[in-house]
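Biologist: Could you take me closely through one part of this model, the sheets and what packs on them, and then carry on to the ligand site? I would like one connected account rather than a list.

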Amino acid sequence: MEVRSVTCSAPVNIAVVKYWGKRDEELILPVNSSLSVTLSQEHLKATTSIAVSESFERNRIWLNGREESIENPRLQKCLKLFEEIAPIPGHVHICSENNFPTAAGLASSAAGYACLVYAFAALYEKKHELHERGDLSRIARQGSGSACRSMFGGFVKWEMGSEPSGSDSIAIQVAPETHWPDMRILILVVSDQKKSTSSTSGMQRTVETSKLLEYRATSVVPERMRQMEEAIQSKNYVEFAELTMKDSNQFHAVCLDTYPPITYLNDTSKKVIQFITRYNQYKGVTTAAYTFDAGPNAVLYLENKSVHEILSLLKYYFWPLLENGNNSFVKGIPVECENPSKELLSAIGMDRSPGEIQYIIHTKPGPGPQLLDQSQSLLTPEGYPRFSQAVD
Ligand code: DP6
């Protein structure tokens, strides 16, 4: 019997205006709009293959080398939404993997669901039509809210919309990945342990208990979204950086205003905030910006010209193996680091915390999901995962 399959990849996105809180849990409609940068898939991506055949006995999914339950409610919802668009002949086998640690707070669910949705659309050969109608964003959103922003490259906003049906709660590209060629991103991996409170349950508790969230959603984010879009359009780095840090700070303040409180930042995260603050003070102009999602890892947005100095300092403060000249601290786009000057170190005036950052990924804005060719499929021509242990 015929086995049809497609393989796609999709990017991670990191918000600079955060999504936190749903006004509708069922349809995944947010309490405020949000805006993110899509990261290059050269360094961070999800890859998904989907095969469909009448010969398969049931729907199955393999994630990062292990078979998982297909009964996951979010996954079921996406499958159902696709069934409504076009009935699936037979059953599906889905195989997906990330090229970065899952649940490290690196938005793996966003890339994963964006990839699944894009692959389904490709399987039905309806990518273009569904994109035009905002359907891809609508379905991705129901897998994981932030996934709808991974459906596009570059700078992307998720408009909260006002329709109770959610028809106008969709992602829109603000500017393509080529718009701001100097923009760079450093992901400081503090921990690749699974995070303590999931985004889904954390934001639910915030909506139920935080008065500050109400204030944020109605009085802060609407104006901030306008300012952020303007900063991106005019490539005003200082404005972009300050809004990014303020929004991250407010998101974590809202977490602390939740009852019982949620703390995602740890001591290392706080040292990174202190480091960036002092560095910007020393420079006399905002030169680097931090942001934190639902975990302790920091993501820095900075211009290309500042990467070398910031990385040299981060290496000095946070990496134990500097003296050995081992370069594996920085993955992604290669950069030479050197010992920072005494003057710079005394201006920053911080103690060293060797080993507190495990490694750094140096990357830049990138494009949206891609259709890959069959040679990159994670499934065999018969529709089973290429890794041997999961095949029964
Ligand atoms: C802190 O999209 O993971 O990363 O919709 O419940 O799946 P669900 O939540 P999710 O939340 C992301 C929260 C965030 C901020 C952001 O990406 O905007």
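Modeller: In this predicted model, a good place to begin is the open sheet of 4 strands, whose order is β2-β5-β10-β11 and whose pairing is antiparallel. Its edges are formed by β2, residues 13-17, and β11, residues 171-175, each of which pairs on one side only. From one strand to the next, the twist of this sheet averages 35°. Between the edges, strand β5 (residues 34-38) and strand β10 (residues 155-158) run antiparallel and are joined by 4 bridges, and within that pairing S34 has W158 in β10 as its bridge partner. Helix α7, which spans residues 237-257, packs on this sheet and touches β2 and β5, with its direction making about 95° with that of β2.

Helix α7 also leads to a point of backbone geometry, since the loop between α7 and α8 (267-283) is the place of P260. The peptide bond that joins Y259 and P260 is cis, with an omega of about -10°.

The other sheet to consider is an open one of 6 strands, which follow the order β8-β7-β9-β6-β1-β17 and show mixed pairing. Here the edge strands are β8 (66-68) and β17 (370-372), and each of them pairs on one side only. Neighbouring strands of this sheet are turned against each other by 25° on average, with direction ignored. Inside the sheet, strand β6, covering residues 45-53, pairs in the antiparallel sense with strand β9, covering residues 91-98, over 8 bridges, and along this pairing S49 stands opposite C95 in β9. Helix α2, made of residues 108-123, lies across β1 (4-11), β6, β9 and β17, and runs at about 145° to β1.

A second backbone detail belongs to the strands at one end of that order: the loop between β7 (60-63) and β8 holds N64. Although N64 is not a glycine, its phi is positive, at about 45°.

Turning to the ligand, the residues around it number 17, and those that come nearest are Y19, K22, S144, G145 and S146. By class, this shell has 6 nonpolar, 6 polar and 5 charged residues, and its largest share, 3 residues, comes from helix α5 (residues 199-209). Individual atom pairs give a finer view of the site. K22 places a polar side-chain atom 2.7 Å from an oxygen atom of the ligand, whereas for G145 a backbone N or O atom lies 2.8 Å from an oxygen atom of the ligand. T200 likewise has a polar side-chain atom that lies 2.8 Å from an oxygen atom of the ligand. As for cover, the ligand has 460 Å² of accessible area on its own, and the protein covers 94% of this area.

Note on methods:
Residues are numbered from 1 along each chain as its sequence is written. This is a predicted model: local features need pLDDT of at least 70, side-chain atom pairs count only at pLDDT 80 or more; totals for chains, interfaces and linings use all residues. Side-chain values use heavy atoms; hydrogens and water are left out. Two strands pair if DSSP finds at least two bridges between them. Helices (H or I, at least four residues) and strands (E, at least two) are DSSP runs, numbered from the N terminus. Axes are lines fitted to C-alpha atoms, for helices over the stretch in contact, and angles run from 0 to 180 degrees between N-to-C directions. Contact means heavy atoms within 4.5 Å. A residue is near a molecule or strand if one of its heavy atoms lies within 4 Å of it. A polar contact is a pair of N or O atoms within 3.5 Å; within protein, one must be able to donate a hydrogen and the other to accept it, and residues adjacent in sequence count only if both atoms are side-chain atoms. Accessible areas come from the Shrake-Rupley method with a 1.4 Å probe; for residues, only the protein chains shown count as cover. Ala, Val, Leu, Ile, Met, Phe, Trp, Tyr, Cys and Pro count as nonpolar, Asp, Glu, Lys and Arg as charged, and the others, Gly among them, as polar.
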